[in-house]
2 protein chains.
Amino acid sequence: MFNGLSAFPLTPLVNGNVDEKAFTALIETLVAAKVDAIGALGSTGSYAYLSRAQRARVAQRATAAAGDVPVVVSIGAVNIDDVLRLADDAQQAGVSGVLMAPVSYQPLSRDEVYRLYERVSQAVAVPLCVYDNPATTRFSFDDELLIAVCQLPNIGSLKLGPLSGTRAEASARLQALRQAIPETITLGISGDAHAAAGLLAGCDVWYSVLAGLFPHAARRLSQAAFQGREEEVARLNAELAPLWALFQRYGSLRPIATLAELSGAAQPPCLPFPLRTLQGGDREQLAALLSGSALRPE
Amino acid sequence: MFNGLSAFPLTPLVNGNVDEKAFTALIETLVAAKVDAIGALGSTGSYAYLSRAQRARVAQRATAAAGDVPVVVSIGAVNIDDVLRLADDAQQAGVSGVLMAPVSYQPLSRDEVYRLYERVSQAVAVPLCVYDNPATTRFSFDDELLIAVCQLPNIGSLKLGPLSGTRAEASARLQALRQAIPETITLGISGDAHAAAGLLAGCDVWYSVLAGLFPHAARRLSQAAFQGREEEVARLNAELAPLWALFQRYGSLRPIATLAELSGAAQPPCLPFPLRTLQGGDREQLAALLSGSALRPE
């Protein structure tokens with residue numbers, strides 16, 4: 001489940017309500033494309049903007065539509081009791097795993113982050129993916145803390161951000177992590193623009209925003225990277241460079257939601273208020289990308 | 001209401017539930033000390049960790065205990081429908097004003113922040129204090145945006161963070177802001193360590209964490225600053241320097257909650273899990289401060 005290509009679909013909204021038909025169609029596309037796992041209700045799936053009831057319902061729809069493809073959902077929340085309830089709801093919906101960043105209102109200390117994972121990992125019966133996501137949590141894991149958290153029960157994977165330094169430095173870091181954690185725990189990369197570099201450096205899985213809407217395009221890139229075809233990786237990344245630039249500028253959610261609107265996968269406006277999809281020249285650039293070959297389904 | 005000394009009390013918790021007796025006692029202390037307003041359910045009041053029902057109940061307890069002292073509560077939430085419900089609950093509880101930072105999960109754009117205040121300001125019937133709080137929202141207002149937001153209905157005050165630059169530069173910025181916004185809107189300072197500097201530069205109100213637990217100590221500092229007694233301001237700030245250093249290092253919530261535990265105003269552990277009050281040498285330092293004269297009630 002925590003290997004290969006893990007696709008994070010949007011949760012399209014209509015007036016603050018989940019567009020279940022559009023969401024189910026997204027899941028069916030991912031199943032048909034044979035992604036290795038579906039990360040429903042990730043940051044891309046706007047989990048933080050949805051109520052507990054909405055999140056439970058979306059988890060149910062995801063597992064119902066996913067068939068044999070494992071579904072992982074985010075259980076992050078500011079309040080610990082909410083986190084534990086969300087974990088229960090997700091497991092009752094039949095998810096194969098859960099994912100959590102150290103979400104908080106007050107940025108957490110290292111000690112507080114450890115306590116959070118200690119509490120949650122003991123409360124779940126499915127594997128937990130630990131998400132290092134400073135952009136939304138304002139907390140950055142160091143490797144010592146990652147290693148400590150990996151000694152807790154039920155940890156299944158680490159979802160890392162872009163790896164710093166040279167390829168050799170990144171590989172060395174991943175090797176050092178692997179030697180210090182249980183071998184059942186996989187190492188994943190997030191941040192789509194730098195994902196192929198992470199796979200080339202030795203990551204096991206790409207936690208991918210792109211794959212949530214364009215699984216074939218993400219598969220082309222991940223396969224080239226897993227197979228070490230560096231020139232093809234460079235070519236594919238160059239084709240996707242306009243998208244990566246918009247991800248960098250606006251975060252990944254707004255551009256991918258814009259593409260969903262442009263492609264008909266979601267009705268505009270599909271993001272939770274006050275978030276907006278891109279307009280004007282940026283939107284036109286995405287429309288041009290959509291009509292080219294970089295995002296083609298086959 | 002948005003002038004002078006505005007005190008932000010803790011919301012002490014016991015096992016995730018509000019300790020209403022301790023909270024009410026805090027409000028009564030503030031009333032007795034004649035603060036100009038009470039900012040219940042601020043960041044210091046852990047609003048983000050509480051349910052809608054808890055927040056409604058705390059707002060009711062605050063207005064019931066506050067007598068003639070105006071109560072302002074935070075209505076921030078990630079979901080816009082929650083924000084509007086919280087605004088309704090607060091107004092039904094009889095608050096005199098509401099306060100909101102541009103809380104989000106995805107950091108907001110300028111345009112999105114404007115849309116958020118546009119929606120909320122039109123939905124409230126009491127004055128709204130706009131809170132620029134990059135530490136928790138990851139969004140920083142520029143003055144152009146502050147001025148635009150101040151043209152919206154029902155804006156009562158701006159809660160600014162520490163002012164940068166020299167005194168003259170800070171005063172010039174405040175003057176420029178004043179000339180561009182309706183004269184009914186006051187300018188407030190937050191970030192206790194630099195609050196007196198903000199008052200000396202011309203702010204109308206100190207939105208104070210210290211005042212939520214030690215209103216007399218905060219009053220001594222704010223009066224000295226409002227009256228331009230610079231030497232006394234420097235002396236009082238020097239006495240409080242150990243506290244300001246801990247605020248800088250741990251955020252203001254953990255040290256002030258530690259002082260509440262040490263002084264008997266709250267039962268340990270009084271913070272929402274996984275947040276922790278300070279331990280060890282830091283706690284001992286606060287105990288020493290408590291036994292000195294800086295925080296004395298008269």
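A salt bridge here is a side-chain nitrogen of Lys or Arg within 4 Å of a carboxyl oxygen of Asp or Glu. By that rule, the side chains of E112(B) and R254(A) form one across the interface of a predicted model, at 2.6 Å from N to O. In this predicted model, local features need pLDDT of at least 70 and side-chain atom pairs count only at pLDDT 80 or more, while totals for chains, interfaces and linings use all residues. Residues are numbered from 1 along each chain as its sequence is written, chains are lettered from A and ligands numbered from 1 in the order in which they are written, and side-chain values use heavy atoms, with hydrogens and water left out.

**Symmetry**

- Chain B superposes on chain A after a rotation of 180 degrees with 0.0 Å of shift along the axis, at an RMSD of 0.0 Å. This is the relation of a two-fold axis.
- The C-alpha of R138(B) is the nearest to the axis in chain B, at 4.2 Å.
- The superposition is by least squares on the C-alpha atoms of residues with pLDDT of at least 70 in both copies.
- The copies meet through the same surface, because 100% of the interface residues of chain B are also interface residues in chain A.

**The interface**

- Chain A and chain B each put 29 residues into the contact (heavy atoms within 4.5 Å).
- The two chains bury about 3100 Å² between them, with 55% of it on carbon and sulfur atoms. Buried area is the accessible area (1.4 Å probe) that two parts lose on being put together, summed over both.
- Y49(B), Y105(B) and F273(B) supply 27% of the area that chain B buries against chain A, more than any other three residues.
- Four salt bridges are counted between chain B and chain A.
- There are also 26 residue pairs in polar contact across the interface, both residues at pLDDT 80 or more. A polar contact is a pair of N or O atoms within 3.5 Å; within protein, one must be able to donate a hydrogen and the other to accept it, and residues adjacent in sequence count only if both atoms are side-chain atoms.
- On the chain B side, α4 (110-123), α5 (134-137) and α13 (253-263) each supply at least two residues. The most come from α4(B), with five residues.
- Helices (H or I, at least four residues) and strands (E, at least two) are DSSP runs, numbered from the N terminus.
- The chain B side divides into 15 nonpolar, seven polar and seven charged residues. Ala, Val, Leu, Ile, Met, Phe, Trp, Tyr, Cys and Pro count as nonpolar, Asp, Glu, Lys and Arg as charged, and the others, Gly among them, as polar.

**Salt bridges within the chains**

- The structure holds 30 salt bridges over all chains.
- E144(A) and R110(A) meet at 3.9 Å, N to O. E144(A) lies in α6 (residues 143-150) and R110(A) in α4 (residues 110-123) of chain A, so the pair ties together parts 34 residues apart in sequence.
- E144(A) is exposed at 61% relative accessible area, whereas R110(A) is partly exposed at 36%. Buried means under 20%, exposed over 50%, and partly exposed in between (1.4 Å probe, protein chains only).
- D143(A) bridges to R173(A), with the closest N and O atoms 2.8 Å apart. This pair links α6 to α7 (residues 167-180) of chain A, parts that are 30 residues apart in sequence.
- D143(A) is partly exposed at 23%, and R173(A) is partly exposed at 26%.
- In chain B, E230(B) bridges to R167(B) at 3.0 Å between the closest N and O atoms. The pair ties α11 to α7 (residues 167-180) of chain B across 63 residues of sequence.
- E230(B) is partly exposed at 42%, and R167(B) is partly exposed at 35%.
- E20(A), R57(A) and R61(A) form one network through salt bridges that share partners.

**A buried asparagine**

- N237(B) lies in α11 (residues 230-239) of chain B. N237(B) is buried, with a relative accessible area of 17%.
- N237(B) touches A193(B), A196(B), L221(B) and W244(B), not counting residues up to four places away in sequence.

**Backbone features**

- P268(A) and P269(A) are joined by a cis peptide bond, with omega about -5 degrees. P269(A) sits in the loop between α13 (253-263) and α14 (280-291) of chain A.
- A cis peptide bond also joins F273(B) and P274(B), with omega about 5 degrees. P274(B) is in the loop between α13 and α14 (280-291) of chain B.
- L41(A) is not a glycine, yet its phi is positive, near 60 degrees. L41(A) is in the loop between β4 (37-40) and α2 (52-66) of chain A and is buried at 2%.
- N154(B), also not a glycine, has a positive phi of about 70 degrees. N154(B) lies in the loop between α6 (143-150) and β8 (155-160) of chain B and is partly exposed at 31%.
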